[in-house]
Amino acid sequence: MTDAASQLSAGLGRLRSYVRKRMRDPGGMEDVVQETLVRVIEQQRRQVIEQPLAYAFRVADSVIMAGARKAARETELDEFELVCNLPLADEVLDYRQRLGRFEAALERLTPQRRTVFRMRHIDGRSRQDIAAEMNLTVEAVKKHLVRAMADLTLSLGDDWAPEAGAGTNHHG
């Protein structure tokens with residue numbers, strides 16, 4: 001069993017819980033988890049994923065969203081039915097609470113590690129740009145990123161939702 005596979009196996013319960021909380025129809029949870037694992041394993045064959053479980057949470061979000069878009073296309077709406085695309089109040093509250101916990105966990109990182117994480121995953125900067133600006137080696141930047149992800153994963157547990165780095169990848 002590869003290191004990635006063992007990390008995924010060890011975190012399978014957390015992944016299931018994460019998916020269950022985010023699905024409107026929990027009956028499809030196992031399908032989403034299986035599709036997520038397949039995608040992560042296929043990506044791992046193409047390149048090393050530094051944080052396979054964190055990446056799996058991100059992939060699960062994509063699988064859930066793709067399923068929701070497909071279901072929305074398949075559902076014919078009555079022409080007089082009013083539909084609000086805004087999130088429900090409890091979803092907004094849940095997001096704000098999770099964001100607050102994420103920001104608090106981010107503040108607990110060392111200042112340099114926090115800066116590297118923000119530059120990479122929030123600002124979308126390359127490792128090379130970060131290294132040059134902070135007078136670090138690219139390897140030091142990589143180590144800060146790996147340790148930041150590990151610290152955040154430990155600190156946030158089931159709350160770990162990689163949307164803080166939306167639009168960036170967490171593998172490479």
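**Helix packing and cores: worked exercises**

H7 and helix H8 (residues 138-156) pack with axes 8 Å apart, at an angle of about 105°. This is a predicted model, where local features need pLDDT of at least 70, side-chain atom pairs count only at pLDDT 80 or more, and totals for chains, interfaces and linings use all residues. Residues are numbered from 1 along each chain as its sequence is written, and side-chain values use heavy atoms, leaving out hydrogens and water.

**Exercise 1.** Work out how H7 and H8 are oriented, and which residues meet.

*Solution.* Start with the angle: about 105°. Angles of 65 to 115 degrees count as roughly perpendicular, so H7 and H8 are roughly perpendicular to each other. Next, the contacts (heavy atoms within 4.5 Å): from H7 come Arg127, Gln128, Ile130 and Ala131, and they meet Val138, Val141, Lys142 and Leu145 of H8. Sorted by class, that's five nonpolar, one polar and two charged residues.

**Exercise 2.** Find the helices that supply the largest nonpolar core.

*Solution.* First, the core has 19 residues, and Leu15, Val19, Met23, Val32, Val33 and Val40 have the most contacts inside it. Then trace the helices: H2 (12-22), H3 (29-46) and H4 (52-74) each give at least two residues. H4 provides the largest share, eight residues. Finally, zoom in on Val40: beyond four places in sequence, Val40 touches Leu8, Ile49, Pro52, Tyr55, Ala56 and Val59.

**Exercise 3.** Check the confidence, pLDDT (from 0 to 100), of the chain.

*Solution.* The average is 81, with 85% of the residues scoring at least 70. Now look at residues 161-172: pLDDT stays under 50 there. Where pLDDT is low, don't read the predicted coordinates in detail.

How values were computed:
pLDDT is the predictor's confidence in each residue, from 0 to 100. A nonpolar core is a set of buried Ala, Val, Leu, Ile, Met, Phe, Trp, Tyr and Cys residues joined through side-chain atoms within 4.5 Å. Buried means under 20% relative accessible area, exposed over 50%, partly exposed in between (1.4 Å probe, protein chains only). Helices (H or I, at least four residues) and strands (E, at least two) are DSSP runs, numbered from the N terminus. Axes are lines fitted to C-alpha atoms, for helices over the stretch in contact, and angles run from 0 to 180 degrees between N-to-C directions. Angles under 35 degrees count as roughly parallel, over 145 as roughly antiparallel, 65 to 115 as roughly perpendicular and the rest as oblique. Ala, Val, Leu, Ile, Met, Phe, Trp, Tyr, Cys and Pro count as nonpolar, Asp, Glu, Lys and Arg as charged, and the others, Gly among them, as polar.
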